[in-house]
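Here is a short set of exercises to work through with the model open beside you. Try each task before reading its solution.

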Amino acid sequence: MTEVFNIEEFDWYTIETLQKLCYYETTATSAIKLLFKIANKENQLKQKAYNAFNHVFQSRLGETCLNYNYRLQILQDIEDFTGINLLVISAYQRALKSHAYSGNIHSGDIDYIEKQFKPSKKEELDYFKKVITKLKAIALDYENDYSELAKKALVFRLMDQALYGDFNGIMAFVKEISEKESALSQEIRTPLLELKSKKFDLSVEKNTTINEILEKYIPNTIKEELETIVINAPWVNEKNEKGRYINLSGEKAKELARKYFEDKNHTWLKHLDLLLSGEQKQTFLFAEELAKLYVKPFIKLNIVRIVITLSKIKSEQQNGIFLNGIISGCNNDEITRLAIDLLLKYDTTSFFSLLATKYIKILTYSDLEKIKPILHKSDRYLFNIEYLDYSNLTNGEFKEFINWVKEINQSFALQLIWELLRKEDRWNDLKDIINNLLYQDNIFDFKSSINSSLHIEDLILKSLNDNADEDKIDFITKKVLEKYQDYSFNDEGFLNNLLYSLLDKYWNITWPIIGEFLIDNSITSFGLRTFLDRITFKNEQLYLWALKDDKHTSIAIKYMEVFDESENGSLSWDIYAKKLIDEKGNTNKFLENLHSKFINYSIIGISAENLYKKRKQLIEELEKHKIKEVQEFAFNMKEVLVKNIEQEKIQRENYE
């Protein structure tokens, strides 16, 4: 077998080199075996080599020129030399991939596409048959250390092969392994049930084969029924005659619940631990149906049993969805509160009290006080109370509730208020606590994964609409500008919306603050610059503001629309821009900003050429201006525009 020749761990391009060699018949076999050897030893290239080795055996877009028989011979050579191992099983598993193929680093290169082996459908099916036969032999040999791994590989590709590959071969494996184990394992049963659905529209013959297997291994015990029909049931949805999707698996789970209800010994209760641990698929619907059937005293009695059972399960395995289904099915606040009280008795189940609280129809303040200690453990738990209906609380109770929620997450406290205000008009009753929460130095820091900033924006605008106090507008405007400068802040959309509203409604207070900020900060954030550049300002307002202080003029002209366009396309000076030039146009910064208004690099060709000509005509009106600096500006600006016109003309001629 080919020996590895001092491949350095730091030579990252080794794998790419070997992958390329897999495309040449004289080097492909040795290159693939080298990939195996690198992947089979501890080094920096191990994972990369593992992926490359696996990819070679993919039936389509495999990174090699070798046909299927040569590839299988390589795996046999490796097995003869080193024995079966994880890499070999993994390669066989990849070989059974039969759709949704992905290429690798060379798959898109024309040279390599031409070298790639292109099988016929018959050759591909034969490849699948041989791989299934090989893996099946390993899986059925229980003395082989890799028997279980081979079985998992076949189960993993069961859907692939049943739909797009060797259906008969994979079903033969299912029959043989089930026969040997005297049972149909859940990991096999689940895909078989899914394959039966109309979604895949298999032929009658194939459906018959699947049904025969399923009917041979119908669950016989309650444990098997729960695992098969409730806990691990696949998600199978089909449209009914009205076009609505029906959860067929859920309907079967409810049917099982009705069957168990008829059992007066309630034997299914002995298996509560199965329903309260690990992944649960149709368990909520199963539990909900049971709760609708049983009388309330029976439910109360067994909720105690459920909670005790849940408390004894390891926390990482606990699943409360069965209990939630019972509570939902009862639809009774007395039973819900009983469940919450029981859950709070045990440290291991106290978290589930938050989930149960969601099912209380008429929430009281005492319900919230019960779960307060749990919420204080982590702000992540606040998710669970986000959409409760707080409308039944008095204003006093709601304020008290908000006061302790704000200690956990202030933004979330504001969101709860915002949600309540969307349902009920309580502004006058709650505005004091809202204003106390809003106008704080770190108001925009109150963010977490729990919520966005929409509620803060909306509450600020509601607050200002209620009372447009100048101090509040001043405070929020400065906080927005401060946050624009914070490069770690990632919600400029929120700042843009808020600042736009402030400018639109409270220009006389907001703009002077922004203007002074721009004067004092020559370098501003990209977000703020972009926002201001997109805004259309009223020139008259900017002109009047500029007259208050000479420092304002350069900022005012920067954000003015300096010329108007008539219907025939001719340009004329805007009256306020021209007045500002005539009165205040003698500073370098002012004229620099005016200069930028006449240069436009976003258009080329005849359109740009004509535009520059029109702007040149405007500039010529300033050549005899009373202010010397404006005259000089006009002379220099005219030269720039003449050059631009010539450049655009040359560019246009080159394209013609």
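Accessible areas here come from the Shrake-Rupley method with a 1.4 Å probe. Keep in mind that this is a predicted model.

**Exercise 1. Describe the overall form and surface of the protein chain.**

Solution. Begin with the accessible surface: the protein chain has about 33400 Å², and carbon and sulfur atoms account for 48% of that. Next, take the secondary structure, which comes to 35 helices and four strands. The radius of gyration is 37 Å, while the globule rule gives 26 Å for 656 residues, so the chain is more spread out than a compact globule. Its C-alpha trace spans about 105 × 80 × 55 Å along the principal axes. Finally, look at burial: 49% of the 656 residues are buried.

**Exercise 2. Work out whether helix α11 is enclosed, and by what.**

Solution. First, count burial: seven of the ten residues in α11 (residues 186-195) are buried, so the helix is largely enclosed by the rest of the structure. Second, name them: Q186, I188, R189, T190, P191, L192 and L195. Third, find their packing partners, which are α8 (147-156), α9 (158-164), α10 (167-181), α12 (204-216) and α13 (222-231).

**Exercise 3. Place T510 in its surroundings.**

Solution. Locate T510 in helix α28 (residues 507-520). With a relative accessible area of 0%, T510 is buried. Now set aside its neighbours within four places in sequence; T510 is then in contact with I473, T477, L499, L502 and L503.

**Exercise 4. Examine two salt bridges in helix α7.**

Solution. Start with K121 and E124, whose side chains meet in a salt bridge (3.4 Å, N to O). These two are three residues apart in α7 (residues 121-140), about one helical turn. Check each end: K121 is exposed at 55% relative accessible area, whereas E124 is buried at 2%. Then turn to K130 and D126, which form a salt bridge at 3.2 Å, N to O. They sit four residues apart in α7, again separated by about one helical turn. K130 is partly exposed, with 37% relative accessibility, and D126 is also partly exposed, with 34%.

**Exercise 5. Which parts does the salt bridge between R337 and D367 tie together?**

Solution. The closest N and O atoms of R337 and D367 are 2.8 Å apart. R337 belongs to helix α19 (residues 333-344) and D367 to helix α21 (residues 365-375), so the pair ties together parts 30 residues apart in sequence. D367 is buried, at 3% relative accessible area. To finish, look at K616, E620, E623 and K638, which salt bridges with shared partners join into one network.

Methods: Residues are numbered from 1 along each chain as its sequence is written. This is a predicted model: local features need pLDDT of at least 70, side-chain atom pairs count only at pLDDT 80 or more; totals for chains, interfaces and linings use all residues. Side-chain values use heavy atoms; hydrogens and water are left out. The radius of gyration is taken over C-alpha atoms; the globule rule is 2.2 Å times the number of residues to the power 0.38. Buried means under 20% relative accessible area, exposed over 50%, partly exposed in between (1.4 Å probe, protein chains only). Contact means heavy atoms within 4.5 Å. A salt bridge is a side-chain nitrogen of Lys or Arg within 4 Å of a carboxyl oxygen of Asp or Glu.
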